[in-house]
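This briefing sets out the main computed features of the structure shown below. The points are grouped by topic for reference alongside the coordinates.

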Amino acid sequence: MPRQRRNINIFYLFCIMKSLVQHITDRQTFVCLVFLSSLLPLSAYGQDSTKTEVYATYYADTFHGRRTSNGEKYDKEAYTCAHRKLPFGTHIKVTNPKNGKSTIVRVNDRGPYSKRAQIDLSRVAAADIEMLSIGFMKVEMEIVNDSIVNVHIKSINNEKEFRDSVRTGWLDS
């Protein structure tokens, strides 16, 4: 969903909330506001993918085997990442703009705790986009609709085929 359309949806949601407040009792107002405010994150993140340029780093090997924020053990060979705000389980396509290589990772941790970086990639994801030698770089981050990822995973035999198909650009079509 384009940014302008998301902003319009949030504006309409605000107008609905405002009109409801004028016509119902205090208790009903509170219940309506709680319900409608729970819809705001869905509008803000949107269901479609949105590209943004962010700075990325990758986890050091010393974190391998430690617990992440959602309780999983960090595996440097799994396609995962840390993000400060996105919900756990969100799939993100990360692309190196210098060489066009990309990979899809799943949010399973909070961080990075650097002020400059917005996303921390696992070692294997960083290797896929060739950022190991650099360590810190600007990447394109795109939130991917989970249904697209799940349908594609079911249509192939294993994770290696899935990662290879991501590199060949199945998501771009």
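Pro-112 is found in the loop that runs between strand E4 (102-109) and strand E5. The peptide bond leading into Pro-112 from Gly-111 is cis, with an omega near -5 degrees. The model is a predicted one, and the points below cover its overall make-up, its confidence, its barrel and two loop residues.

**Overall composition**

- The secondary structure of the protein amounts to five helices and six strands.
- Read from the N terminus, the order of the elements is α-α-β-β-β-β-β-α-β-α-α.
- The protein has 173 residues, of which 36% count as buried.
- The accessible surface of the protein is about 10600 Å², and carbon and sulfur atoms account for 56% of that area.
- Among contacts in the protein with a separation of 6 or more, 70% are between residues 24 or more positions apart.

**Confidence of the prediction**

- The mean pLDDT of the protein is 75, and 55% of the residues score at least 70.
- Of the elements, E5 has the highest mean pLDDT, at 96, whereas helix H2 (residues 26-45) has the lowest, at 52.
- Residues 1-7 stay under a pLDDT of 50, and the model has 10 contacts for them beyond four places in sequence.
- A further stretch, residues 152-157, also has a pLDDT below 50, with six contacts in the model beyond near neighbours in sequence.

**The barrel and its strand pairing**

- Six strands close into a barrel, with mixed pairing, in the order E1-E5-E2-E4-E3-E6.
- From one strand to the next, the twist averages 45 degrees.
- Strands of a sheet pair through backbone hydrogen bonds, in either the parallel or the antiparallel sense.
- Strand E1 (residues 51-58) pairs with strand E5 (residues 119-121) in the parallel sense, over three bridges.
- E1 also pairs with strand E6 (residues 136-144), in the antiparallel sense and over seven bridges.
- Ala-56 has a partner in each of these two pairings: Ile-119 stands opposite in E5, and Met-137 is the bridge partner in E6.
- E6 is further joined to strand E3 (residues 91-95) by five bridges, and these two strands run antiparallel.
- Within E6, Glu-142 is the residue that stands opposite Lys-93.

**Thr-68, in the loop between E1 and E2**

- Thr-68 lies in the loop that links E1 to strand E2 (80-83).
- Thr-68 counts as buried because its relative accessibility is 7%, under the 20% cut-off.
- The side chains of Thr-68 and Asn-70 are joined by a polar contact of 2.8 Å.
- The Thr-68 side chain also reaches the backbone oxygen of Asn-108, at 3.1 Å.
- Setting aside residues up to four places away in sequence, Thr-68 touches Tyr-74, Asn-108 and Asp-109.

**Glu-130, in the loop between H3 and E6**

- Glu-130 has its place in the loop between helix H3 (123-128) and E6.
- Phi of Glu-130 is near 60 degrees, which is a positive value in a residue other than glycine.
- Glu-130 counts as partly exposed because its relative accessibility is 42%, which falls between the cut-offs of 20% and 50%.
- The side chains of Glu-130 and Asn-99 make a polar contact at 3.1 Å.
- Apart from neighbours within four places in sequence, Glu-130 is in contact with Asn-96, Asn-99 and Lys-101.
- Glu-130 and Asn-96 are separated by 34 residues in sequence, while their C-alpha atoms are 7.8 Å apart in space.

Methods:
Residues numbered from 1 in each chain as written. Predicted model: local features only at pLDDT ≥ 70, side-chain atom pairs only at ≥ 80, totals over all residues. Heavy atoms only, no water. Pairing = 2+ DSSP bridges. Helix = DSSP H or I, 4+ residues; strand = E, 2+ residues; numbered from the N terminus. Axes fitted to C-alpha atoms, helices over the stretch in contact; angles between N-to-C directions. Buried < 20%, exposed > 50% of the residue type's maximum accessible area, 1.4 Å probe, protein only. Polar contact = N/O pair within 3.5 Å; in protein donor to acceptor, adjacent residues only side chain to side chain. Contact = heavy atoms within 4.5 Å. Areas by Shrake-Rupley, 256 points an atom, 1.4 Å probe, with all protein chains shown as cover. pLDDT = per-residue confidence, 0-100.
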